[in-house]
Amino acid sequence: MLGTKLYAPGDVRIEEMPEPTILKPTDALIRLAATCVCGSDLWPYRGANKVDAPLHMGHEYCGTVVAVGSEVTSVKPGQFVVGSFCLSDNTCPHCRFGFQSSCVQREFMTGAQSEFARVPLADGTLIALDNAPADDLIPSLLAASDVLGTGWYAAHAAQVQPGCTAVVIGDGAVGLMGVLAAQQMGAARIIAMSRHKARQELALEYGATHIVTERGDEGVAKVRELTEQIGADAVLECVGTPQAMDQALAIARPGSMIGYVGVPHGVQLDGQRLFFSQTGMLGGPAPVRRFLPRLIDLILDRKINPGKVFDLEIPLAEVAEGYKAMDERRAIKALLRV
Ligand SMILES: [Zn+2]
């Protein structure tokens, strides 16, 4: 089969490799319908994470089950499935509290930028659809596997409520999904912080009511002006840089929550500032599995269209161009047709 390997920064290749096999009785094998490149794949691609051996890339997936291990009971060959990028048993205490991304058996999905993939912990990770989905829904179902679920978690963790004012920091794919989630959860005002025209347009389409193009102190001043100097009721931090976290703390009103889903790189928090800000913070890798049943229903009922976040669609064989386009910010997110 064809699969994607990252050999070194900037060196991502599509190549022939053996098809995966069932290694544990809790595994499933799927034939991918589509897969994609994640913003987090760009960290090793850009050399920010060390690459020792070729990495078999890809953790976002949906497709058809082709085989299951002897202990798998909830999915069977022929079913179309969507799963989280975090693999979980969905039975341990953390899973039962809704934090499947901290499952005691947690693994992270790999090898999904391929024609076939092995999904460990299939029973606790995958959701099977009743019927094969319409082809035009596949991008949205794929988005549910990571980027939509992560934006949704950011809005949930920030405690977006009907009528509230939410601010979304970051206009990458996750930030845009955060806008969509805040809109679905009933926010009256959604302020998207974005400097890029195409991303602003998509944010508006997903429900943003205001766009703030300024950054840093100017961006903070603009949000404070829009909120009568009170600050936001809910802040979604979808970047992970010190500047983004600093902005989040500066615009969150006392008593509000910051949902942070950008993987922190160099973020340091000051205890006294946190103490006097009186804001709460909840973040981490998104427990996508908690939200998947609801998100899949919204997609199948065509109430949301997260698949629009893919502004580049290419065959899997051209995966290297997908990485390049996202690295150069020519694309928000690249979908790979298998
Ligand atoms: Zn668990």
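Let me begin with a term: a residue counts as buried when its relative accessible area is under 20%, as exposed when it is over 50%, and as partly exposed in between. With that in hand, Glu 313 is partly exposed, because its relative accessible area is 48%. Glu 313 belongs to strand 17, which covers residues 312-315, and from its C-alpha atom to that of Gln 183 the distance is 26 Å, with the two positions 130 residues apart in sequence. I should say at once that what we are looking at is a predicted model.

Let me turn to the record before going further into the coordinates. UniProt, in an unreviewed entry, lists residues 3-336 as "domain: Enoyl reductase (ER)". In the model, that span is 30% helix and 25% strand, and the C-alpha atoms at its two ends lie 11 Å apart.

Next comes the metal site. Which protein residues are the donors of the zinc ion? They are Asp 89, through OD, and Cys 92, Cys 95 and Cys 103, each through SG, and they lie 2.1 to 2.3 Å from the ion. Along the chain these donors follow the spacing D-x2-C-x2-C-x7-C. The arrangement is tetrahedral because the angles that the four donor atoms subtend around the zinc ion run from 93 to 123°, and the cut-off asks that all angles lie between 85 and 135 degrees. As for their surroundings, Cys 92 and Cys 95 are both buried.

Asn 90 sits in the loop between strand 7 (86-87) and helix 2 (93-96). Most residues other than glycine have a negative phi. Asn 90, however, has a positive phi of about 65°, although it is not a glycine. Asn 90 is partly exposed, because its relative accessibility is 26%.

A second residue with a positive phi is Glu 228, at about 55°, and this one is not a glycine either. Glu 228 is found in the loop that runs between helix 8 (216-226) and strand 14 (232-237). Is Glu 228 buried or exposed? It is exposed, because its relative accessible area comes to 53%.

Staying with helix 8, we find Val 223 there, and Val 223 counts as buried because its relative accessibility is 0%. The C-alpha atoms of Val 223 and Arg 337 are separated by 40 Å, and the two residues are 114 residues apart along the chain. On the other side of strand 14, in the loop between that strand and helix 9 (242-251), lies Val 239. Val 239 counts as partly exposed, since its relative accessibility is 35%, and its C-alpha atom is 17 Å from that of Ala 182, at a separation of 57 residues along the chain.

Finally, I would like to look at a pocket. Rolling a probe the size of a water molecule over the atoms shows where empty space is left. The second largest pocket holds about 210 Å³ of space. Its lining is made of 16 residues, and those nearest the centre are Pro 20, His 56, Thr 110, Gly 111 and Arg 118. Two elements, strand 8 (107-108) and strand 9 (116-119), give two or more residues to this lining, and strand 9 gives the most, with three residues. By character, the lining of the second largest pocket divides into 10 nonpolar residues, four polar ones and two charged ones.

Notes. Residues numbered from 1 in each chain as written. Predicted model: local features only at pLDDT ≥ 70, side-chain atom pairs only at ≥ 80, totals over all residues. Heavy atoms only, no water. Donors = N, O, S within 2.8 Å, 3.2 Å for Na, K, Ca; no water. Tetrahedral: all angles 85-135°; square planar, octahedral: opposite > 155°, others 65-115°. Buried < 20%, exposed > 50% of the residue type's maximum accessible area, 1.4 Å probe, protein only. UniProt positions renumbered as here; feature names shortened; annotations may be inferred. Helix = DSSP H or I, 4+ residues; strand = E, 2+ residues; numbered from the N terminus. 1 Å grid on protein atoms, 1.4 Å probe; cavity = no way out; pocket = protein on both sides within 12 Å on 5 of 7 lines; lining within 4 Å. Points joined across faces, edges and corners; volume = space filled by probe spheres on them. Nonpolar A, V, L, I, M, F, W, Y, C, P; charged D, E, K, R; others polar.
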